[in-house]
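User: I want to go through this model term by term. Please set each value against its definition.

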Amino acid sequence: MKNKVLILTAILSSVASVAGAQKLSDNVIRVGVLTDLSGVYSELAGQGSVKAAQMAADDFMRANRSYAGKVQVIGVDHQNKADVASNKTAEMIDRQNVDVIMDLPTSSAALASVEVARQKKVVAMVVTGGTTALTNQSCNRYTFHYAYDNYMLANGTGTAVTKRGGNSWYIIYPNYAFGQDLNRQMTAAVQEAGGKLAAPSDATPFPNTDFSTYLLKAQSLKPKVFGTMQAGADLVNVVKQYNEFGLRQQGIGLGIGLLFETDVAALGQNAFAGALATVPWFWNLDDRSRTWAAKFEKTFGKKPTWAQAGVYSATYQYLSAVARAKTDNSDAVVKALENYRFSDFFARSAYVRPQDHRVILDVYTVQVKSSAESKEPGDLFKIVARIPASRAFLPLSESKCEMK
Amino acid sequence: MNTQLMFIQVFNGLVNGAFFALLSLGLAVIFGLLRIVNFAHGALYMLGAFVAFALGQALGLGFWPALILAPLLVGALGVALERGLLRRLYGLDPSYNLLLTFGLTLLVQDVIKQVMLSRYAVSSAPYTIPQELVGATNLGFVFFPTYRLFVIVFALVVCLATWFVIERTRVGAVIRAATENPTVTQAFGIDVSRWVTIVFGLGVALAALAGVLAAPIYSVEPYMGSELIIVTFAVVVIGGMGSILGSVVTGFAVGVLVALGSALYPPIANTLVFVLMALVLLLRPNGLFGLPEAK
């Protein structure tokens, strides 16, 4: 009798363990959010990104009971520096046993971090970094690019603005990897759509506070669109001075390469009103987005930026891939992610392209509303065009990615 | 580039020059009279802009009252710094005051950043141009923002007034005497240490004044001074450490030089200042307006 009970227990417990079989390294999935916790991007990503990843982890564990208590989120500051990013990545993987690196604002820091992750065979999901190199010439097996990239920004905004009549451009860009890349992509998109450049683009120092020289040059060139590829604090200065020099009144529109909600908040939306930009998401896109954003705001105290929403989505999709693979082994997770199709509150009609690991999704070219048009606080964007996932990103035929 | 655009750029350069001049003037006054290399100058400039912004948020005060109040408040902080901290370092190796003021910069920047993030929810704050100066003025060859013209004129007046007070008045004579030979001046019954404090406060107030002037043009953010201060130090070196006239003239000249440079070939604009500095150091180690150090 006693033996029978023992055998029965043994059988039952083995069945139970097979049902929930998860081969997790050290029985925990650790999500390392490597982000800017102290510098210029700390507001648009930063603590909000860590919070978003934590929300995704909690939601995942609630939805998948067998993973309860098994996901940990760690937030680490890379100070937007490539060397710090690569050191921290190595440290997180070697000492803290992190299974995935998340977020990675600042292109140079992102490139440095994913290289270390690749060597150590750890998955990295870049959300806030923009360079197309991540899925193009520098693509690799363990790196996925989520949310947006420079091609998508240029393709969305350059095309939409040009087709709406903004067919002559004068572009300025910050003179570093991100700006140079975005200028190339934007110029190509404008020309593709039948527009032309009123003068060759000008590289501006980075960082820079005074843009009056270029604004005066724009006054004399009289293009239809003044295109600025600056981001963050530099963008805020450009737009402030664009208004000061009265370019809008002179009929020169504003085309913005990369725009975050926090930039608009920093200057007041009227300074940006009418400008076009392309974003992967915004909080009042629809009911699903609003529901999630309200939940985020309740715990974090601020509305989410699209970067932070992207971190939630990327974290959740990574964890789902672990659940499908039933292990946190990188190669198995990569396999589970590749070719995967999904739609969540953030990423619509999304598909993980196996050839270059670009996560493609619907994106939106938006126009900044004036405060008179806003219906509630933080109501910043109205959709000008929805760009379907299949057309939003670099076509595979143009990709230089050789996945190894 | 056509002559009209050149002309516009000269004008444009004068605006940046106005900020360089006001800042380097403050540095020159403090260095020339107290031999303190004030690395915190950029942070105090930012503090001027931030105090103007905060006065508006908290008390609803506009640009004009802020233009007077912010320099007074930040100047008072300067007085406290001199009395509380810098004073203890006189007579010690100059690297001590350098480290102290550099540390102060980091401290002030971080405190302001935390305040802005927690109170105002934005890392850079909007500050608008006063209603009277909105719009553009026709200069005949270009429509130039009225506020920028105001900055040029206002900065010139302040610079000239400062120069006049220090070089041409009795008060200035006392200050110069007090710093040139404290012992003898003290013997005449003049409270030297009080004058040292006043001069430091004045220099700091000039930085804060530049900050208030800058707030409507550039966004108010915690690191707005750190970039500017590097160029300003170059200006001070080019003009001659401690030379008041040198710092003003060089300030405006460098502004124009950078503007012309960025119009002709943008990537070189910021480097131009340091090339000039290197040349000046090679040919005239004491700067364009500097006098050889008295032995």
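**Strands, cores and domains**

Analyst: In strand β13(A), A:Tyr351 is the bridge partner of A:Arg341. Strands here are DSSP E runs of at least two residues, and helices are H or I runs of at least four, numbered from the N terminus. This is a predicted model; local features need pLDDT of at least 70, side-chain atom pairs count only at pLDDT 80 or more, and totals for chains, interfaces and linings use all residues. Residues are numbered from 1 along each chain, chains are lettered from A, and side-chain values use heavy atoms, without hydrogens and water.

User: What makes β12(A) and β13(A) a pair?

Analyst: Two strands pair if DSSP finds at least two bridges between them. Two bridges join β12(A) to β13 (residues 350-352), and the strands run antiparallel. So the definition is met.

User: Why is one side of β12 and of β14 of chain A left without a neighbour in the sheet?

Analyst: The open sheet has the order β12-β13-β14 in chain A. β12 (341-342) and β14 (359-360) stand at its edges, each with a single partner strand, so one side of each has no neighbour in the sheet.

User: Which way do the residues of β11(A) point, and are they buried or exposed?

Analyst: A:Leu276 and A:Thr278 point one way, A:Ala277 and A:Val279 the other. In a regular strand the side chains alternate between the two faces of the sheet. All four are buried, that is, under 20% relative accessible area; exposed is over 50%, partly exposed in between (1.4 Å probe, protein chains only). Four bridges join β11(A) to β15 (residues 363-368), antiparallel, with A:Val279 opposite A:Tyr364.

User: How do you know that the largest nonpolar core lies between domain 1 and domain 2 of chain A?

Analyst: A nonpolar core is a set of buried Ala, Val, Leu, Ile, Met, Phe, Trp, Tyr and Cys residues joined through side-chain atoms within 4.5 Å. This one has 207 residues; A:Phe226 and A:Trp281 are among those touching the most other members. Domain 1 (25-148 + 285-361) and domain 2 (151-279 + 364-392) both give residues to this core, so it lies between them. The bounds come from an automatic or database domain assignment.

User: Why is α8(B) called largely enclosed?

Analyst: Of its 23 residues, 19 are buried, so the rest of the structure largely encloses α8(B).

User: How do you know that the span of α8(B) agrees with the expected one?

Analyst: The expected span is 1.5 Å times one less than the number of residues. For residues 192-214 that gives 33 Å; the end C-alpha atoms are 34 Å apart, which agrees.
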